[in-house]
Amino acid sequence: MTLGGSAALLGIGSCGATAWSLLPRAHYGVDLFSIEPNILPQPDSIPLEVPNGNFFLSNTSAGLYALCRNCPHLGATMKWVDTNKRFECPAHGRKHTFKGKYIEGPGPISTMYQFNVEVKTPDGTHRTDDKPAPVNVQDATSIVVDVRKKMAGDNKAE
């Protein structure tokens, strides 16, 4: 009797856990990050790390990149190494340029992942539109980084 009851409870619990895991869940994190234009680093200087957003803002002469801090190889947290002027993965030694372009290291030859960026200026709104590219931040009145979607870039593009 005890064995049968235990088996029944185990079966009911397993079905409940399976059903619960299949239900859609809301994402309770912050997905949109508003960045004040006045805190951006000067073009081609040290990237701004946004730890609670898990990304770097790399302001280049070509425009702004929102680069994911997770290494494209296995997901370790990338670090900016100022002495080498590049991003480096402390776990496996993967290296990327200021724009996120692959230099060397294990895993596929791919850029760092990027997030969508929307920039409002007096002339209108500019965004990455789901394609990895820098966004012009000259005369920006507001900047929003959307971390809901990561985009892999073309390593050949510069």
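**A walk through the strands and one proline**

Let me begin with the sheet, which is open and has 4 strands in the order S5-S6-S7-S8, paired in the antiparallel sense. At its edges lie strand S5, covering 79-81, and strand S8, covering 102-104, and each of these pairs on one side only. I should say early on that what we are looking at is a predicted model, and I will try to speak with that in mind.

Staying with S8 for a moment, we find that strand S7, residues 95-96, is joined to S8 by 2 bridges, and that the two run antiparallel. Which residue in S8 is the bridge partner of His96? That partner is Tyr102. As a general reminder, the strands of a sheet pair through backbone hydrogen bonds, and they may do so either parallel or antiparallel.

Further along the chain, strand S9, residues 114-121, pairs with strand S10, residues 124-127, in the antiparallel sense over 4 bridges. The connection from S9 to S10 is a hairpin that passes through 2 residues, and among the bridge partners here, Lys120 is matched with Thr125 in S10.

Now I would like to turn to a loop, the one between strand S1 (32-35) and strand S2 (48-50), where Pro43 is found. Pro43 has a relative accessible area of 46%, and so counts as partly exposed. If we set aside the neighbours within four places in sequence, Pro43 is in contact with Asn59, Thr60 and Ser61. As for Ser58, this residue is 15 residues from Pro43 in sequence, while the distance in space, C-alpha to C-alpha, is 8.0 Å.

Key:
Residues are numbered from 1 along each chain as its sequence is written. This is a predicted model: local features need pLDDT of at least 70, side-chain atom pairs count only at pLDDT 80 or more; totals for chains, interfaces and linings use all residues. Side-chain values use heavy atoms; hydrogens and water are left out. Two strands pair if DSSP finds at least two bridges between them. Buried means under 20% relative accessible area, exposed over 50%, partly exposed in between (1.4 Å probe, protein chains only). Contact means heavy atoms within 4.5 Å.
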